[in-house]
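Reader: Please take a close look at a single part of this structure and describe its surroundings in one connected account.

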Amino acid sequence: MRIIVCESAEEVALKAAVESIEYLGEALSATNPEATCVLGLATGSTPLGLYREWIERNRAGEISFRNATSFNLDEYCGIPASDPQSYHTFMHENLFRHIDIDPAKTFIPVTDGDDLTQSAERYEAMIEEAGGIDLQILGIGSDGHIGFNEPGSSFSSPTRVKTLTKRTREDNARFFPSIDHVPRTALTMGLGTIMSARAILLLATGKGKAKAIRDTVEGPITAMVPASILQFHPYATVILDAAAASELSLIDYYVDAERNRQR
Ligand code: F6R
């Protein structure tokens, strides 16, 4: 795992933009129609700064999403895609409507229908048909979840319906009129799906994420901390602000390693 410690959430967003643009290279320049990319996207508060950076650079003509396809990690069950709190609405409002991505190439799990098992299987197949995810953006829950893979999730899980923990529902209640309005289940990419991405960029900011980050980066690999499986990923980068990094025991080492990193 590569660990990058930043001073602030703003610096996390900037660094994530620079790293993602560098990694995706020509695929975000739209000069070569052959150079395409598949993005894995997250919702929640954490990636908003990165999305703002992408939007600004897209508006300035520095990057283009014309050759990109995107797959979101998850969607709540039990609320329509048109609901203001749905992740469909979130992505439209916070990213897609501001950039030049083709809406027909943006995918979010569909939870409106009756057969969610079929919807999940279809989603997995679509990711595969698109050639797999090149770069997966992740946030992390205070309980160590990624996507909505809550503690106890199978490390090899595909996209499926998961029940949200009480803690996740409490954490996400800030987006809803009350906790009673927070859905109890979601359709989420599995840990197996996430691990199949060629590269992963996990972002975390704030003291509330410090313990989950410590357990993910330095703890044992355990289903009780789903994000800890990322220790097995060959190309996982974790970008943190000082508060989220504050419980890491090897923080000086990570800072030093980054300073001396060969480009
Ligand atoms: C969102 C997602 C979740 C969030 C996590 C952190 O699509 O999959 O894993 O990344 O709950 O949420 P925030 O960033 O709001 O703290």
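Author: In this predicted model, Thr205 has a relative accessible area of 24%, and because buried means under 20% and exposed over 50%, Thr205 counts as partly exposed. The residue belongs to the loop that joins strand E9 (199–204) to helix H7 (210–218). Leaving aside residues up to four places away in sequence, Thr205 touches Ala9, Val12, Thr46, Asp241 and Ala244. Cys6 is 199 residues from Thr205 in sequence, yet their C-alpha atoms are 9.5 Å apart in space.

Several of these names lead to the elements around the loop. Cys6 falls in strand E1 (2–6), Ala9 and Val12 fall in helix H1 (residues 9–24), and Asp241 falls in strand E10 (236–241). Helix H1 lies across E1, strand E2 (37–41), E6, E9 and E10, and runs at about 160° to E10.

Strand E9, which precedes the loop of Thr205, is part of an open sheet of seven strands with parallel pairing, in the order E1-E10-E9-E6-E2-E3-E5. Strands E1 and E5 (106–107) stand at the edges of this sheet; each has a single partner strand, so one side of each is left without a neighbour there. Within the sheet, E9 has E10 on one side and E6 on the other. The parallel pairing of E9 with strand E6 (residues 135–138) extends over four bridges. Leu201 of E9 is the bridge partner of Ile137.

Note on methods
Residues are numbered from 1 along each chain as its sequence is written. This is a predicted model: local features need pLDDT of at least 70, side-chain atom pairs count only at pLDDT 80 or more; totals for chains, interfaces and linings use all residues. Side-chain values use heavy atoms; hydrogens and water are left out. Helices (H or I, at least four residues) and strands (E, at least two) are DSSP runs, numbered from the N terminus. Buried means under 20% relative accessible area, exposed over 50%, partly exposed in between (1.4 Å probe, protein chains only). Contact means heavy atoms within 4.5 Å. Two strands pair if DSSP finds at least two bridges between them. Axes are lines fitted to C-alpha atoms, for helices over the stretch in contact, and angles run from 0 to 180 degrees between N-to-C directions.
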